[in-house]
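Q: Please take a close look at one part of this model, the relation between its chains, and continue from there into the packing within a chain. A single connected account would be preferred.

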Number of protein chains: 4
Amino acid sequence: MGNSFGQLFRITTWGESHGGGVGVVIDGCPAGLELDAAHIQEELDRRRPGQSSLTTPRKESDTARILSGVFEGRTLGTPISVCVDNQDARPAAYESTKDVYRPSHADFTYEAKYGIRNWQGGGRASARETVGRVAAGAIARRLLAASGGIEIHAWVSQVAEICAEIDVAAVTRETVEANAVRCPDAAAAAQMMERIEAARRDGDSVGGVVSLVARGVPPGLGEPVFDKLEASLAGAMLSLPAAKGFEIGSGFAGAAMTGSAHNDAFHLEGERVRTRTNRSGGVQGGISNGENIVVRVAFKPTATIAHEQETVDSDGNPRTLEAKGRHDPCVLPRAVPIVEAMASLVLADAFLLQRARHPDQLP
Amino acid sequence: MGNSFGQLFRITTWGESHGGGVGVVIDGCPAGLELDAAHIQEELDRRRPGQSSLTTPRKESDTARILSGVFEGRTLGTPISVCVDNQDARPAAYESTKDVYRPSHADFTYEAKYGIRNWQGGGRASARETVGRVAAGAIARRLLAASGGIEIHAWVSQVAEICAEIDVAAVTRETVEANAVRCPDAAAAAQMMERIEAARRDGDSVGGVVSLVARGVPPGLGEPVFDKLEASLAGAMLSLPAAKGFEIGSGFAGAAMTGSAHNDAFHLEGERVRTRTNRSGGVQGGISNGENIVVRVAFKPTATIAHEQETVDSDGNPRTLEAKGRHDPCVLPRAVPIVEAMASLVLADAFLLQRARHPDQLP
Amino acid sequence: MGNSFGQLFRITTWGESHGGGVGVVIDGCPAGLELDAAHIQEELDRRRPGQSSLTTPRKESDTARILSGVFEGRTLGTPISVCVDNQDARPAAYESTKDVYRPSHADFTYEAKYGIRNWQGGGRASARETVGRVAAGAIARRLLAASGGIEIHAWVSQVAEICAEIDVAAVTRETVEANAVRCPDAAAAAQMMERIEAARRDGDSVGGVVSLVARGVPPGLGEPVFDKLEASLAGAMLSLPAAKGFEIGSGFAGAAMTGSAHNDAFHLEGERVRTRTNRSGGVQGGISNGENIVVRVAFKPTATIAHEQETVDSDGNPRTLEAKGRHDPCVLPRAVPIVEAMASLVLADAFLLQRARHPDQLP
Amino acid sequence: MGNSFGQLFRITTWGESHGGGVGVVIDGCPAGLELDAAHIQEELDRRRPGQSSLTTPRKESDTARILSGVFEGRTLGTPISVCVDNQDARPAAYESTKDVYRPSHADFTYEAKYGIRNWQGGGRASARETVGRVAAGAIARRLLAASGGIEIHAWVSQVAEICAEIDVAAVTRETVEANAVRCPDAAAAAQMMERIEAARRDGDSVGGVVSLVARGVPPGLGEPVFDKLEASLAGAMLSLPAAKGFEIGSGFAGAAMTGSAHNDAFHLEGERVRTRTNRSGGVQGGISNGENIVVRVAFKPTATIAHEQETVDSDGNPRTLEAKGRHDPCVLPRAVPIVEAMASLVLADAFLLQRARHPDQLP
């Protein structure tokens, strides 16, 4: 278990980083949605390695093949199977570390859990696993757009200590894609790129934060009490490789505030109930309130670095590791489409759950 | 849906804050566990209102009745139904605000979702809903202790801007319960209590952070990729009323670090593989590594305050609200047992999942 | 696990036959449905013991209390908790057989599974567990009626070797309730009652068959491939105590037929696509086709009999058992509302699942 | 939804009969199980078309490719993705019936549910969908064998009106595979083959019954009350194309019996508690009792026949249909490995569920 996500729009991902390929089965996508491989490819191309100098040089075209569930350009309502072959897997590169636990990687814990280790790369712990999520997210995104005009944008808001200033209401796909680091604040983006290049030169890596806004979400999505929207989003985001933290709305900063400063006053805008501020981040009591949903996800620095590191091997010997392999000095730019995918999946599921029980409450 | 949590140790909570009562059904607790109502009561007493001057004056004994699943002091393996009556519900107190949306409460969103509003208090959005979680968590905690000595402690690490300094290895139930604010740093605790009293005097409220450590967790718990341990914990914590943020290990601070500074080097301690540092927070690749699991949860300030606030009513009229009702000026002290309960539920589930498939990997 | 049923209209039952009570939590019932305790009571009264000379003399009023999820006569969309106290439990009656495995009861298997036995009656294996199902089914039935006029009727179609002749299109609640055996064929009913009374006089018991029709089910319900409507119905029915077989449409008789004799030809009735015959039983490919859904459920004879029986005890000694206790010589009449409840739950779930994804396909 | 089955040993099948292929993702198979493609192929070869003159002439090698989850001949504990290409799909053969509803097929109901019809063959309603089930079942079977010696055999026990006489204790893979109809009673098998050939010559089809025995199942498997072993088995079997009925143990015949004739007396065999008879079919109260699990599944005659049939088209016109296409005059022989697969999946899941909670109760 653990490889499925969602209740009504449910995905199951499969595949190791250095096996035959990676993929996903989407079960529960409504029939009749216009879909072809290009819709999926557009998002996969934003995730794939080698797209800029900031990313790993591993060469994968990440070409999506749709094997089922789509007929004459429309979804059938049956499972959609999407498969991406691994093309540039180089398992031999991992031969020398096959019995060594790489620090802050999952080698030790996978062996502890399963009693067996796929030493050829990160296996399921590799970010390559997210290919299936992005493919499925692309479909969820289309469903959301078709069903009510929900728009989702993520961007890099922090790299190492460099923070961007962003107006969440103004972010667009174009402003995000305007630079390789996917930060709509051009000045910050320039600094971030320098910082990432510096890390690469040092054989080091840096972490950062991805922010996300979902606009046009109707009030009423989210299933109290355990599947509150922020709970589903938090679970979704923390399931991403390297994620260490999650905030919605005011987040940790809100913890330091008083109620009188934090509360979002209601007022009317035409016939619509709006809040003056959005410290709630678009969600109150686990249910969307119609304001922008705003979340932030913290990612640790990439664990693979070229520095010498203390570790042990599976026979219990002290070892010294100096990683070779290919890797990203900073995962943040490629994390952007992945974070968008997870939010799309959460919202598509929440939308279908609300429509199942309270269709009249949807606009 | 949305009122169940867990896969193998699965709970379903029910009950509104001002209805007949609140409760929980626990399905999947193994048979043969020693259990009586006192085990549950001990935790409920830490959660109940009126336990100190820091909390709401609502008077509830919160007496747990076990209606099924236990026979001659041991669990039967069948569903355990626990029921707590509401005793001091005062729905009339909410009469005057029955059509007013209280700012940063869930009145508006519940009505938007369901098309109907239980105006007598917070309904399912009330913290009273967590009674069932704490009762179930008490059982999960016993299972974890019986199955392998896992110990779980939470404490208040921040109130408003006041932060405590705590050694996570040294926290015990006694140090947590040593003061009403449940902060083991006595000096910080004194300041926190003053800060909460000040908020009460001002008719205001304050937020804060609860930290948690799980000690003695064996390596191997957690189900990649969507049910990684940190994903389950994040989802669990963000399902709590007023929760706005979650971190594991280095959290948001880790986002500003380099890989060389962040990585946790492995070494041997006797035959055991340990890490020199614990920025991973006890989890790597979604699976426990045997180190302390350390998480932090941010809570916003209580939405109920005595200040005048701008709002609207359900007929679309501007209104001014000055809350009366009973409430906590700060939810943090009472959140401690609730956060512990959620962590216990997550770990009990993860433990059973691991035992199902890889029993030989458990100690 | 195992005590929950359904995906979107999801119930969790709890309670042992001789503990504090029995009950159910219904999660996922849409908000706004008119509901009060009388709706539930009406169905419970058809299930309760002591209602006629054909049933066990155990005296239980089976009074339902709704503890949550309903406000001012309408459902809130939150969990509905229903509780029924046990009043006439006589655990002492089981004292003498506490270590004896009663033949064709679940004493041995519960002990084998759980390592512990609640010897006070049948525990969860008792038909008393079905109280929660019937209470939940009453709500599902109201939802189906409100959402599209679906009507569900079950009746006793066979007792021992006596078979009734019934026109499934003509069955009504009145014809079912016209006699104590709940068989709308009055002549057969009279024979069945005699047969049951004869079994009682002999200290013996008899089995039989319950048939069910669901009328007004719109085309399109059912979720291929594993949650086909007949699969969900079969699983639901075989989860009932004493159930041994399930058929839909032609059932086992269909196995002996040729395709040319079995196929249901399509024709038009006004604008509606109809079938000339209904050997499919209202379901094709796992999806309702708009015809009557017709199923049959076989129940074995009650295991509790007054004859002397060979058995063993938990210490491995041969024993001879002569049951005392109270019991039904034939469960069939009381099984009728239970079978209806299960069908209602299956269809309510299927309805919500279809509305989630393909609302425009519903009438 | 609807395309996943199982809780801990969970499979998701995908694929249409005339699309790119069919496949399955298995999530939850324990790590360390020896597995290669040949183990899967052996079972697929028993299911594939064209294996004898009794089956459809469609030519599919049904070669299984394992794309993930297996490394160096052992399972990794991660999802196992198995893919089978469609090779001999001839969608053009369906062009002439693309708007005609074939009687007792799922054309009408799929269109009613999804609002779209994949007219190229049966789509998900085709028996081709069961490829994924058989592949997954082959792995479940290995897990059961490795974990405790559970053996599962199915066979054809009835074709049209011809019934076989079989000793369930003596059935082996060899006796089942001894003839093309997969009936271990050679005399009956010969008659069945003649009957099937006669149906083919007539352009007609016949139904029948598959029986199954699971031997060596330890006491304690099955999760009351909704996931009782017989409930899971019934749901599994009725999810198969063309299945119309299910029985366990005495089944419908038991409905005509008295309790004194039906009850299975307990006795001791060495230290083991056994029953003298097995009308319970190896399950009591939803839990295995250690005796042979015996079930029967009724299949209707193949809906595709060469006779002229009355029907309508999607524009509401009366039409006459004379099927061409390729098909099996009797699905029974190929249903045998499919029924075995479903039973294997149910038991693997039940085994893991029991080990999760009550490992000490397993032998």
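A: The account below moves from the relation between chains to a helix pair and then to a hairpin. The model is a predicted one.

Chains C and D are taken up first. Chain D is superposed on chain C by a rotation of 180°, with 0.0 Å of shift along the axis and an RMSD of 0.0 Å. These two copies are thus related as by a two-fold rotation axis. Within chain D, D:Gly235 has the C-alpha nearest that axis, at 2.1 Å from it. Both copies use the same surface, since 100% of the contact residues of chain D recur in chain C.

Chains B and C are considered next. A turn of 180° and a shift of 0.0 Å along the axis lay chain B on chain C, with an RMSD of 0.0 Å. Here too the same surface serves both copies, and 100% of the contact residues of chain B recur in chain C. The contact itself involves 34 residues of chain B and 34 residues of chain C. On the side of chain B that touches chain C, two or more residues each come from strand E2 (10–15), strand E3 (21–27) and strand E4 (65–68) of chain B. By class, that side of chain B comprises eleven nonpolar, 18 polar and five charged residues.

Within chain D, a pair of helices merits attention. Helix H1 (residues 37–47) of chain D packs against helix H3 (residues 130–148) of chain D at an angle of about 135°, and their axes are 9 Å apart. H1(D) is therefore oblique to H3(D). The crossing of the two helices, H1(D) and H3(D), is right-handed. From H1(D), the contact draws on D:His39, D:Ile40, D:Glu42, D:Glu43, D:Leu44 and D:Arg47. These meet D:Thr130, D:Val131, D:Val134, D:Ala135, D:Gly137, D:Ala138 and D:Arg142 in H3(D). Sorted by class, the residues of the contact between H1(D) and H3(D) are six nonpolar, three polar and four charged.

The last element is a hairpin in chain C. Strand E12 (residues 266–269) of chain C and strand E13 (residues 272–275) of chain C run antiparallel and are joined by four bridges. One of the residues involved is C:Glu269, whose bridge partner in E13(C) is C:Arg272. Two residues lie between E12(C) and E13(C) in this hairpin. In the turn, C:Gly270 has a positive phi of about 65°.

Technical notes. Residues are numbered from 1 along each chain as its sequence is written. Chains are lettered from A and ligands numbered from 1 in the order in which they are written. This is a predicted model: local features need pLDDT of at least 70, side-chain atom pairs count only at pLDDT 80 or more; totals for chains, interfaces and linings use all residues. Copies are superposed by least squares on the C-alpha atoms of residues with pLDDT of at least 70 in both. Two residues are in contact if their C-beta atoms, placed from the backbone, lie within 7 Å. Ala, Val, Leu, Ile, Met, Phe, Trp, Tyr, Cys and Pro count as nonpolar, Asp, Glu, Lys and Arg as charged, and the others, Gly among them, as polar. Axes are lines fitted to C-alpha atoms, for helices over the stretch in contact, and angles run from 0 to 180 degrees between N-to-C directions. Angles under 35 degrees count as roughly parallel, over 145 as roughly antiparallel, 65 to 115 as roughly perpendicular and the rest as oblique. A crossing is left-handed if the near helix is turned anticlockwise from the far one by less than a right angle, and right-handed if clockwise. Two strands pair if DSSP finds at least two bridges between them.
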